[in-house]
Amino acid sequence: MSRFTVEAGPIWPRFRSGSFLAAELKDGKLRQFKEFSEPLGAAGERSLEGVAAALNSAWGLH
């Protein structure tokens, strides 16, 4: 794994748009964790950015 990041796109249910946690693998592919998501425009938006940063720090990733 190279790093954790936050991506935006459709999430379930009902194909709403939101941000979700993703892991970038060493081969460049993304492993999406849409169960860790937040709707776009929600109060506290971008809190997943902090989660990704904390995971990267804890795992020694860049």
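**The nonpolar core and its surroundings**

Student: Which residues make up the largest nonpolar core?

Tutor: There are 8 residues in all: Phe4, Val6, Leu21, Ala23, Phe33, Leu48, Ala52 and Leu61. β1, β2 and α1 are the elements that give two or more residues to this core. The model is predicted: local features need pLDDT of at least 70, side-chain atom pairs count only at pLDDT 80 or more, and totals for chains, interfaces and linings use all residues. Residues are numbered from 1 along each chain as its sequence is written, and side-chain values use heavy atoms, without hydrogens and water.

Student: What makes a set of residues a nonpolar core?

Tutor: Its members are buried Ala, Val, Leu, Ile, Met, Phe, Trp, Tyr and Cys residues, joined through side-chain atoms within 4.5 Å. Buried means under 20% relative accessible area, exposed means over 50%, and partly exposed lies in between (1.4 Å probe, protein chains only). In soluble globular proteins, nonpolar side chains tend to be buried together.

Student: Why does Leu61 count as buried?

Tutor: Leu61 has 18% relative accessibility. The cut-off is under 20%, so Leu61 counts as buried. Leu61 is found in the segment after α1.

Student: What does Leu61 touch, not counting residues up to four places away in sequence?

Tutor: Leu61 touches Met1, Ser2, Arg3, Phe4 and Asn56. A contact means heavy atoms within 4.5 Å. On the same count, Phe33 touches Phe20, Leu21, Ala22 and Ala23.

Student: How many helices and strands are there?

Tutor: The chain has 1 helix and 3 strands, and the order from the N terminus is β-β-β-α. Helices (H or I, at least four residues) and strands (E, at least two) are DSSP runs, numbered from the N terminus.

Student: How do you know that β1 and β2 pair?

Tutor: Two strands pair if DSSP finds at least two bridges between them. β1 (residues 3-11) and β2 (residues 16-24) are joined by 9 bridges and run antiparallel. Arg3 has Glu24 in β2 as its bridge partner. The two strands form a hairpin with 4 residues between them, and Arg14 in the turn has a positive phi of about 60°.

Student: What joins β2 to β3?

Tutor: There are 7 bridges between β2 and β3 (residues 30-39), again antiparallel. Ala23 stands opposite Arg31 in β3. This hairpin has 5 residues between its strands, and Gly28 takes a positive phi near 90°.

Student: How do you know that the span of α1 agrees with the expected one?

Tutor: The expected span is 1.5 Å times one less than the number of residues. With 13 residues (47-59), α1 should span 18 Å. Its end C-alpha atoms are 19 Å apart, which agrees. Gly60 follows α1 and has a positive phi, near 70°.

Student: Which residues of α1 are buried, and where do they lie?

Tutor: The buried ones are Leu48, Ala52 and Asn56. They fall within an arc of 80° seen down the axis, so they line one face of the helix. The arc is that of the directions from the helix axis to the C-beta atoms. Residues three or four places apart in an α-helix point the same way, because there are 3.6 residues a turn. The buried residues of α1 pack against β1, β2 and β3, while Ser57 and Ala58 on the other side are exposed.

Student: How does the radius of gyration compare with that of a compact globule?

Tutor: The rule is 2.2 Å times the number of residues to the power 0.38, with the radius taken over C-alpha atoms. For 62 residues that is near 11 Å; the chain has 12 Å, which agrees.
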